[in-house]
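Open the model in your viewer and keep the selection box handy. We will go from stop to stop, selecting a few residues each time.

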Amino acid sequence: MRRPAVAGMFYPSNRESLLAMLREFVDYHPDDSVIACVSPHAGYVYSGRTAGRVYSLIPQVETYVIVGPNHTGYGSPVALSTDTWLTPLGEVEVDMEFVEAMPKKIVDLDETAHRFEHSLEVQVPFLQYINMGRKFKIVPICMGMQDEETAREVAEEIITAKEETGKEIVVVASSDTHHYLPDEECRRRDRIVIEAILSMDVSKFYDTVYRMQASVCGYGPIAVAMIYSKHYGGFAELIDYSTSGDVEPMAEVVGYAGIVFRA
């Protein structure tokens with residue numbers, strides 16, 4: 001069992017308090033054309049509204065492939081969890097049929113990378129909320145390596161498993177944008193990164209991130225969502241943008257972009 005690492009810190013540990021917060025953030029009108037997304041992973045107080053606007057559009061599917069960065073440094077460079085995940089809203093199982101269909105050329109089965117990692121965990125209650133009353137499964141992938149070649153290989157693993165199993169999936173890329181900059185500078189730099197994502201040009205996106213030395217923590221997972229979506233003829237749309245400075249005045253902020261990919 002993968003138990004919550006950040007309940008009570010990033011989001012409420014009490015079920016009713018968590019549901020009340022999710023009700024505030026999510027106005028559910030799903031769009032079946034959405035096949036992937038970028039959702040932030042900070043504390044819900046700061047990034048929950050932007051995440052909620054993304055999840056308001058995410059359709060109910062059989063399986064959600066959640067790809068996030070590795071903040072802790074523990075575990076394999078690209079790590080897949082097969083444990084059942086627990087949150088205050090209950091348990092979610094991993095889709096083992098999907099996992100078994102992945103070639104696992106780059107992905108290792110490894111729980112260590114997931115044990116204390118928040119980037120995937122904070123997405124799960126949103127998925128539980130929009131699927132309240134119905135069963136779904138997840139495939140959690142934690143990326144310590146985030147270079148373009150790795151992102152392409154991870155995307156190929158997901159595409160292979162989707163096509164072998166025939167499952168309807170949504171890929172969730174977990175990432176914040178720039179970190180710890182004055183609000184105006186964060187917004188300026190984020191605009192450039194977001195434009196690169198919306199271009200659907202993965203090499204351009206990497207060039208932008210490297211040239212700017214952008215502190216986008218989940219650029220690899222974002223690239224996975226771009227590559228996956230592009231394979232199915234998808235295009236990207238910015239749904240919401242905010243910074244932590246929108247919640248309370250602060251000298252340095254973190255940026256949050258909510259993006260969906262439609263096919």
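Helix 1 and helix 2 are oblique to each other, because the angle between them fits none of the other classes: under 35 degrees counts as roughly parallel, over 145 as roughly antiparallel, 65 to 115 as roughly perpendicular, and the rest as oblique. To see this, select residues 15-25 for helix 1 and residues 44-55 for helix 2; their axes come within 8 Å and cross at roughly 50°. Axes here are lines fitted to C-alpha atoms, for helices over the stretch in contact, and angles run from 0 to 180 degrees between N-to-C directions. Helices (H or I, at least four residues) and strands (E, at least two) are DSSP runs, numbered from the N terminus.

A word on what you are looking at: this is a predicted model, in which local features need pLDDT of at least 70 and side-chain atom pairs count only at pLDDT 80 or more, while totals for chains, interfaces and linings use all residues. Residues are numbered from 1 along each chain as its sequence is written, and side-chain values use heavy atoms, with hydrogens and water left out.

**Stop 1: where the two helices meet**

Show the side chains of Leu18, Met21, Leu22, Glu24 and Phe25 in helix 1; they meet Tyr44, Val45, Gly48, Arg49, Gly52 and Arg53 in helix 2. Contact means heavy atoms within 4.5 Å. The residues of this contact divide into six nonpolar, two polar and three charged. In this grouping, Ala, Val, Leu, Ile, Met, Phe, Trp, Tyr, Cys and Pro count as nonpolar, Asp, Glu, Lys and Arg as charged, and the others, Gly among them, as polar.

**Stop 2: strand 2 and its partners**

Now select residues 63-69, which form strand 2; seven of its seven residues are buried (under 20% relative accessible area; exposed is over 50%, partly exposed in between, with a 1.4 Å probe and protein chains only). In a regular strand the side chains alternate between the two faces of the sheet. Here one side carries Thr63, Val65, Val67 and Pro69, and the other Tyr64, Ile66 and Gly68.

Add residues 137-143, strand 7: seven bridges join strand 2 to this strand, and the two run parallel. Look for Tyr64 opposite Ile138. Then add residues 169-174, strand 8, which is parallel to strand 2 and joined to it by five bridges. Val67 stands opposite Ala173 there. Two strands pair if DSSP finds at least two bridges between them.

**Stop 3: Thr63**

Zoom in on Thr63 in strand 2. Why does Thr63 count as buried? Its relative accessibility is 0%. The side chains of Thr63 and Asp95 are joined by a polar contact of 2.6 Å (a pair of N or O atoms within 3.5 Å; within protein, one must be able to donate a hydrogen and the other to accept it, and residues adjacent in sequence count only if both atoms are side-chain atoms).

**Stop 4: two positive phi angles**

Select Tyr180 in strand 9, residues 179-181. Its phi is near 60°, a positive value in a residue other than glycine, and Tyr180 is exposed at 54% relative accessible area. Next, pick Gln213 in the loop between helix 8 (202-212) and helix 9 (219-231). Gln213 has a positive phi of about 50° and is exposed at 71%.

**Stop 5: Met226**

Finish in helix 9 with Met226, which is buried at 0% relative accessible area. Beyond residues up to four places away in sequence, Met226 touches Ala196, Ile197, Met200, Asp201, Val202, Phe205 and Phe261.
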